Amino acid sequence: MPLFSSRRERRLWTALLVVLAAIYATLGNAPAIAEILRERVGLVETMVFVFLVSLVVISILFVRRRPGRAEIAVGIGILIVYLMAWLRIGVASPEERTHLFEYSLVAALVHEALLERRANGRRVPAPAILALIVSVLLGWLDEGIQSFLPNRVYDLVDVAFNALAATMIISARWLLDFVRRKVQARRGNP
């Protein structure tokens, strides 16, 4: 039996590896990168741009067909929740806020890959819970790596940010699927 259930699943796992490689590869240089952005481009503007691009990528992962009005309304609501969460994380520096979109993207890729695997007949028990566990462990690994770097520290608050991001995106996916099923049921039942 092949390792992947489809080409799409393989692409999703590959995208996850690329994202993780980018996150982990920049851990040692993150303070220097943030300083360069702060001086030259404007860290906040860059963060907003990366955040919005991440949300667009995540949205593309979740939309398999043209969304209806209810799904668009829920999607806008989710975007607002993300934006408000990003703005209200007052205790965090803009660099720490990156956890919100980095690990949302990680969790979205893990969850989507597991759903694709299950849709193709493979056994995947509780894909949302499994995706949450895998994403939190990957975020924890991020912090574990930082504990070995000279200019970084292990921080449980960052682990919590990673877990929050994973929980938010997986919950958003569940909510969108729930609304989609309700709308379809209403259309099928006069």
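Buried means under 20% relative accessible area and exposed means over 50%, with partly exposed in between. The legends below use these words for a predicted model.

**Figure 1. Overview of the predicted protein.** The protein has 7 helices and 0 strands. Read along the sequence, its pattern is α-α-α-α-α-α-α. Of the 190 residues in the protein, 41% are buried. The protein exposes about 11,000 Å², and carbon and sulfur atoms supply 69% of that area. Among contacts between residues at least 6 apart in sequence, 79% join residues at least 24 apart.

**Figure 2. Helix H6, residues 127-146, and its two faces.** Helix H6 has 20 residues, and at 1.5 Å a residue it should span 28 Å. The C-alpha atoms at its ends are 29 Å apart, which agrees with that expected span. Which residues of H6 are buried? They are Pro127, Ala131, Ser135, Val136, Leu138, Gly139, Asp142, Glu143 and Gln146. These residues lie on the same side of H6 because they cover an arc of only 160 degrees around the axis. An α-helix has 3.6 residues a turn, so residues three or four places apart point the same way. The face of H6 turned away from the buried side carries the exposed residues Ile129 and Leu137.

**Figure 3. An aromatic pair in helix H7.** The count of aromatic pairs in the model comes to 1. This pair is formed by tryptophan 174 and phenylalanine 178 and is stacked, with 5.3 Å from centre to centre and 15 degrees between the planes. Both residues lie in helix H7 (residues 156-188). They are 4 residues apart, which is about one turn of the helix. Is tryptophan 174 buried or exposed? Tryptophan 174 has a relative accessibility of 51%, so this residue counts as exposed, the cut-off being over 50%. Phenylalanine 178 has a relative accessible area of 32% and is therefore partly exposed.

**Figure 4. Glutamate 116 and its polar contact with serine 6.** Glutamate 116 is placed in helix H5, which runs over residues 94-119. The relative accessible area of glutamate 116 is 10%, so this residue is buried, the cut-off being under 20%. With which side chain does the side chain of glutamate 116 make a polar contact? The partner is the side chain of serine 6, at 2.9 Å.

Terms used. Residues are numbered from 1 along each chain as its sequence is written. This is a predicted model: local features need pLDDT of at least 70, side-chain atom pairs count only at pLDDT 80 or more; totals for chains, interfaces and linings use all residues. Side-chain values use heavy atoms; hydrogens and water are left out. The expected span of a helix is 1.5 Å times one less than its number of residues. Buried means under 20% relative accessible area, exposed over 50%, partly exposed in between (1.4 Å probe, protein chains only). The arc is that of the directions from the helix axis to the C-beta atoms. Rings of Phe, Tyr and Trp (its six-membered ring) pair if their centres lie within 6.5 Å; planes under 30 degrees apart count as stacked, over 60 as edge-to-face and the rest as tilted. A polar contact is a pair of N or O atoms within 3.5 Å; within protein, one must be able to donate a hydrogen and the other to accept it, and residues adjacent in sequence count only if both atoms are side-chain atoms. Contact means heavy atoms within 4.5 Å. Accessible areas come from the Shrake-Rupley method with a 1.4 Å probe; for residues, only the protein chains shown count as cover.
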